[in-house]
Structure formats: C-alpha cells, structure tokens
Amino acid sequence: MKNHNNHISILTYVIVWISLLALTSITVTVAGLNLEKYTLFIALIIASIKSALVINIFMHIKFDEPIFKVFLALSGTTLIILFVLTFFDIIYR
C-alpha cells in the first residue's frame, strides 16, 4: 500500500474547495435560468466535474493502486448505464 502523506498540499485542497463552491454556485445559477432541456445536461456535466475533483483529491484515488481505479470505473459505468436507462424510460413514456 502506498503512503498517502504529503502528496497533496494544503493549497491544493483550498483551490479544490473554492472550485467546488464556484461550481455549486454555477449549478444554482443555471437552475435559475430558463435553458429548458439543457439545464439537466449542464447540471450533470458540472456534477461530474465536481465528483471527479472530490474522488481524485479528497478521496486520494489519484494516488491509489490501480485496482481501486478499476472498481471505481466499474461502479461509475454502472451508474451511467442506470442514468441512461432512466432517461430512455422518461423519454419514451
């Protein structure tokens, strides 16, 4: 198992935290705009960026062993498949 100490500086944590706050405010702003069908798409893209930041920086997956990345990719793929199936169900009702 790798040592996780000192891989990420405090400054990086602060920058990621500020980025997460900015992305959250962008999400709230986009939700208030009348973009119709693009609102959900933009919100999902912003949520994906936010989750990538949290997973890589705060959960230290970026520096973990490859097996953890494989499990994470597998669970992410499963989640995306469930989202796609849900959207097809909503579209063709």
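Is Arg-93 buried or exposed? In this predicted model, Arg-93 counts as exposed because its relative accessibility is 76%, and the cut-off for that class is over 50%.

## Salt bridge

Arg-93 pairs with Asp-89 in a salt bridge, with 2.7 Å between the closest N and O atoms. Searching the whole structure gives one salt bridge. Side chains of opposite charge can pair when their charged atoms come close.

The partner falls in another accessibility class: Asp-89 has a relative accessibility of 38% and so counts as partly exposed.

## Largest pocket

The largest pocket holds about 420 Å³ of space. It is lined by 16 residues, and those closest to its centre are Ala-47, Ser-48, Ser-51, Leu-79 and Ile-80.

Two helices, α2 (38-58) and α3 (66-91), each contribute at least two residues to this lining. The greatest share comes from α2, which supplies nine residues. Sorted by class, the lining consists of 11 nonpolar and five polar residues, with no charged residues.

## Nonpolar core

The largest nonpolar core has five residues: Ile-8, Val-16, Leu-20, Ile-57 and Phe-63. In soluble globular proteins, nonpolar side chains tend to be buried together.

One of the core residues, Leu-20, also has contacts with residues further along the sequence. Leaving out residues up to four places away in sequence, Leu-20 touches Lys-50, Leu-53, Val-54 and Phe-58. These four contact residues of Leu-20 lie in the range of α2 (38-58).

Methods:
Residues are numbered from 1 along each chain as its sequence is written. This is a predicted model: local features need pLDDT of at least 70, side-chain atom pairs count only at pLDDT 80 or more; totals for chains, interfaces and linings use all residues. Side-chain values use heavy atoms; hydrogens and water are left out. A salt bridge is a side-chain nitrogen of Lys or Arg within 4 Å of a carboxyl oxygen of Asp or Glu. Buried means under 20% relative accessible area, exposed over 50%, partly exposed in between (1.4 Å probe, protein chains only). On a 1 Å grid over the protein atoms alone, a cavity is a set of points where a 1.4 Å probe fits but cannot get out, and a pocket is an open set with protein on both sides within 12 Å along at least five of seven lines; lining residues have an atom within 4 Å of a point. Grid points are joined across faces, edges and corners, and a volume is the space filled by probe spheres set on the points. Helices (H or I, at least four residues) and strands (E, at least two) are DSSP runs, numbered from the N terminus. Ala, Val, Leu, Ile, Met, Phe, Trp, Tyr, Cys and Pro count as nonpolar, Asp, Glu, Lys and Arg as charged, and the others, Gly among them, as polar. A nonpolar core is a set of buried Ala, Val, Leu, Ile, Met, Phe, Trp, Tyr and Cys residues joined through side-chain atoms within 4.5 Å. Contact means heavy atoms within 4.5 Å.
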